[in-house]
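Let's take a friendly walk through a protein model together. Have a look at it first, and then we will go from a puzzle to the overall picture and back to single residues.

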Amino acid sequence: MSRSARSPLLLAGLLAAAGAAHFAVPRQFDAIVPRALPGEPRTWTHVSGLAELALAAGVALPRTRKAAAHATAAFFVGVFPANVKMAVDWRHRPAPHKAVAYGRLPLQLPLVLWARSVAKNAEGRS
C-alpha cells in the first residue's frame, strides 16, 4: 500500500483512538474543556469523542473522505482552545507534564495540514 493510500487510514485510526479515549478516560478530557462553553464538561467530552469517531469513519471511507477530511481540519482548529487551556493549566506542573501540554500546541498545525492533504488527495476519487 502506498504512502498516500495509508495516510487517510492512519488519520482515521488516530481519530478513532482519540474518540474512544474520550469515553475510556473522560476525566482527562473534562479537565481541558474551556470554562466559557455552556453546560457540563463531560457533555463536551462525549460530544467531541463522538465527533472524532464519526470523522474517523468518514475519513476511512473513500466515498466520504473528502468532506470528512475537510471537517477534520476544521475540528482540529476548533479544539485548539482546549489545548491552550491545558497548557495554561499545566504551566506549574513538572517539566515532563509541561512538555506534553506545550507540545500539543504546535502539533495542531501539522494535524490540520494532514487532514487538508487527505482531502486534497481524495478530490479526484469522489
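Which side chain of opposite charge is nearest to Glu 52, and how many Å away is it? Keep that puzzle in mind while we look at the whole chain. One thing to know at the start is that this is a predicted model.

## The whole chain

The protein chain contains 6 helices and 0 strands. Following the sequence from start to end, you meet the pattern α-α-α-α-α-α.

How does the chain fill space? Its C-alpha trace spans about 45 × 30 × 25 Å along the principal axes. A compact globule of 126 residues would have a radius of gyration near 14 Å, and the 15 Å of the protein chain agrees with that. Contacts tell us about the fold too: among those between residues at least 6 apart in sequence, 63% join residues at least 24 apart.

Now for the surface. The accessible surface of the protein chain is about 7600 Å², and carbon and sulfur atoms account for 67% of it. Of the 126 residues, 32% count as buried.

## Charges and salt bridges

The protein chain carries 16 positive and 5 negative side chains, and the centres of these two sets are 9 Å apart. Side chains of opposite charge can pair when their charged atoms come close. In this structure there are 2 salt bridges, set out here:

| Salt bridge | N to O distance |
|---|---|
| Arg 42 and Asp 30 | 2.6 Å |
| Lys 85 and Asp 89 | 2.5 Å |

Start with Arg 42 and Asp 30, whose side chains meet at 2.6 Å, N to O. This pair links distant parts of the chain, with Arg 42 in helix α3 (residues 41-60) and Asp 30 in helix α2 (residues 26-30), 12 residues apart. Are the two partners buried or exposed? Arg 42 counts as partly exposed because its relative accessibility is 35%. Asp 30 has a relative accessibility of 14%, so Asp 30 counts as buried.

The other pair sits within one helix: Lys 85 and Asp 89 both lie in α5 (residues 80-89), 4 residues apart, which is about one turn of the helix. An α-helix has 3.6 residues a turn, so residues three or four places apart point the same way. Lys 85 is buried, with a relative accessible area of 11%, while Asp 89 is partly exposed, with 34%.

## Helix α5 and its neighbour

Lys 85 also belongs to the buried residues of α5, which are Ala 82, Asn 83, Lys 85, Met 86 and Ala 87. What do these buried residues pack against? They pack against helix α6 (95-122). One residue to find in α6 is Gly 103. With a relative accessible area of 25%, Gly 103 is partly exposed. Gly 103 and Asn 83 are 20 residues apart in sequence, and their C-alpha atoms are 9.4 Å apart in space.

## Back to the puzzle

Glu 52 is in helix α3. The nearest side chain of opposite charge is Arg 104, 7.7 Å away, and Glu 52 is buried yet has no salt bridge. A salt bridge needs a side-chain nitrogen of Lys or Arg within 4 Å of a carboxyl oxygen of Asp or Glu. What does Glu 52 touch instead? Leaving out residues up to four places away in sequence, Glu 52 touches Leu 15, Ala 18, Gly 19, His 22 and Phe 75.

His 22 is worth a closer look. This residue is found in helix α1 (residues 3-24), and its relative accessibility is 6%, so His 22 counts as buried. Beyond residues up to four places away in sequence, His 22 touches Phe 29, Thr 45, His 46, Ser 48, Gly 49 and Glu 52. The C-alpha atoms of His 22 and Leu 50 are separated by 8.4 Å, although the two residues are 28 residues apart along the chain.

## One more buried residue

Finally, find Arg 65 in helix α4 (residues 65-78). Arg 65 counts as buried because its relative accessibility is 13%. Apart from residues up to four places away in sequence, Arg 65 touches Pro 8, Leu 9, Gly 58, Val 59, Ala 60, Val 118 and Ala 122.

Methods:
Residues are numbered from 1 along each chain as its sequence is written. This is a predicted model: local features need pLDDT of at least 70, side-chain atom pairs count only at pLDDT 80 or more; totals for chains, interfaces and linings use all residues. Side-chain values use heavy atoms; hydrogens and water are left out. Helices (H or I, at least four residues) and strands (E, at least two) are DSSP runs, numbered from the N terminus. The radius of gyration is taken over C-alpha atoms; the globule rule is 2.2 Å times the number of residues to the power 0.38. Buried means under 20% relative accessible area, exposed over 50%, partly exposed in between (1.4 Å probe, protein chains only). Contact means heavy atoms within 4.5 Å. Accessible areas come from the Shrake-Rupley method with a 1.4 Å probe; for residues, only the protein chains shown count as cover. Lys and Arg count as positive and Asp and Glu as negative; His and the chain ends are not counted. The place of a charge is taken as NZ of Lys, CZ of Arg, CG of Asp or CD of Glu.
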